[in-house]
Amino acid sequence: GGYPLLFRGFASGLFDLFGVPSPSVSTMRVAAVCTVFTTTALAMVLRELGLVCSLAGAIFGSGIIYVFPALMHCRYLDQQEERTPLMRIQYWGGVAVIATGATLGVVGALVSLLQAYTDVLD
C-alpha cells in the first residue's frame, strides 16, 4: 500500500535535512532498517498513543499553520536585493508570527502533558 510512498518522502526529507544530496541504495536500505527499528522500539515502549498524537498535533500543527509559512516568507524577504520599509515591517511581523507559533506549540504540548499526567486541568 502506502509504505514505500510514505517512506520515500520521509527518507528524502531526512537526507535533505542532513545535507546528503543523492544517497546510495545501501544508504537508503540502512535508513529503512533504522526507521523500522526505531518505530518498532517506540511501539513496544509507548503505551498511551493518545499522548503521542496530542503532542504531535500541538507541535506540528502550530509549525504547519504558523511557523513554517512565516519562516518561508522571512527567508524570501532576506533574499531580496532591495528592501523597502514595508518589507522590514513584513519581516518583523513574520518574526512575531514565528514566536507566537512556537509559543502556542509549547503551550499545546504542556497542556497535553498536564492532561496526561496530572489532574490540574480536570
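C53 is exposed, at 56% relative accessible area. That is my way into the cysteines. One caution before going on: this is a predicted model.

The other cysteine I want to mention is C34. C34 counts as partly exposed, with 43% relative accessibility. How many disulfides does the structure hold? Zero.

Next, the core. The largest nonpolar core has six residues: F7, A11, F15, M28, A31 and A32. Which helices feed this core with at least two residues each? Helix α1, residues 3-17, does, and so does α2, residues 25-45. As background, nonpolar side chains in soluble globular proteins tend to be buried together.

Take F15 from that core. Set aside the neighbours within four places in sequence. F15 then contacts V20, P23, T27, M28 and A31. Two of those names, M28 and A31, are also listed in the core.

Now α2 itself. Does its length add up, and what do we expect? The helix has 21 residues, and at 1.5 Å a residue they should span 30 Å. The end C-alpha atoms of α2 are 30 Å apart, so expectation and model agree.

Which residues of α2 are buried? M28, A31, A32 and T35. They cover an arc of only 105° around the axis, so they sit on the same side of α2. Turn to the other side of α2. There, R29, V30, V33, F37, M44 and V45 are exposed.

One more residue on α2: S26 is found in this helix. S26 counts as partly exposed, because its relative accessibility is 48% and the exposed class starts over 50%. How far is S26 from Y66? In sequence, 40 residues. In space, 37 Å, C-alpha to C-alpha.

Back to α1 for a moment. L17 has its place in that helix. Is L17 buried or exposed? Exposed, at 65% relative accessibility. L17 and E82 are 65 residues apart in sequence, and their C-alpha atoms are 29 Å apart in space.

On to α4, residues 85-117. Same check on length. Its 33 residues should span 48 Å at 1.5 Å a residue. The end C-alpha atoms of α4 are 48 Å apart, which agrees.

The buried residues of α4 are M87, G94, I98, G101, G105, A109 and S112. What covers them? The cover includes α3, residues 49-78.

Last topic: aromatics. A pair of aromatic rings is described by two values, the distance of the centres and the angle of the planes. How many aromatic pairs does a search of the whole structure find? One. The rings belong to Y91 and W92. Their centres are 5.3 Å apart and their planes are at 90°, so the pair is edge-to-face.

And the accessibility of the two partners? Y91 is partly exposed, with a relative accessible area of 25%. W92 is exposed, with a relative accessible area of 58%.

To recap. The six-residue core draws at least two residues from each of α1 and α2. The buried residues of α2 lie on the same side of that helix. Helix α4 has its buried residues covered in part by α3. The aromatic pair is Y91 with W92, edge-to-face. And the disulfide count is zero.

Conventions: Residues are numbered from 1 along each chain as its sequence is written. This is a predicted model: local features need pLDDT of at least 70, side-chain atom pairs count only at pLDDT 80 or more; totals for chains, interfaces and linings use all residues. Side-chain values use heavy atoms; hydrogens and water are left out. Rings of Phe, Tyr and Trp (its six-membered ring) pair if their centres lie within 6.5 Å; planes under 30 degrees apart count as stacked, over 60 as edge-to-face and the rest as tilted. Buried means under 20% relative accessible area, exposed over 50%, partly exposed in between (1.4 Å probe, protein chains only). A nonpolar core is a set of buried Ala, Val, Leu, Ile, Met, Phe, Trp, Tyr and Cys residues joined through side-chain atoms within 4.5 Å. Helices (H or I, at least four residues) and strands (E, at least two) are DSSP runs, numbered from the N terminus. Contact means heavy atoms within 4.5 Å. A disulfide is a pair of cysteine sulfur atoms within 2.5 Å. The expected span of a helix is 1.5 Å times one less than its number of residues. The arc is that of the directions from the helix axis to the C-beta atoms.
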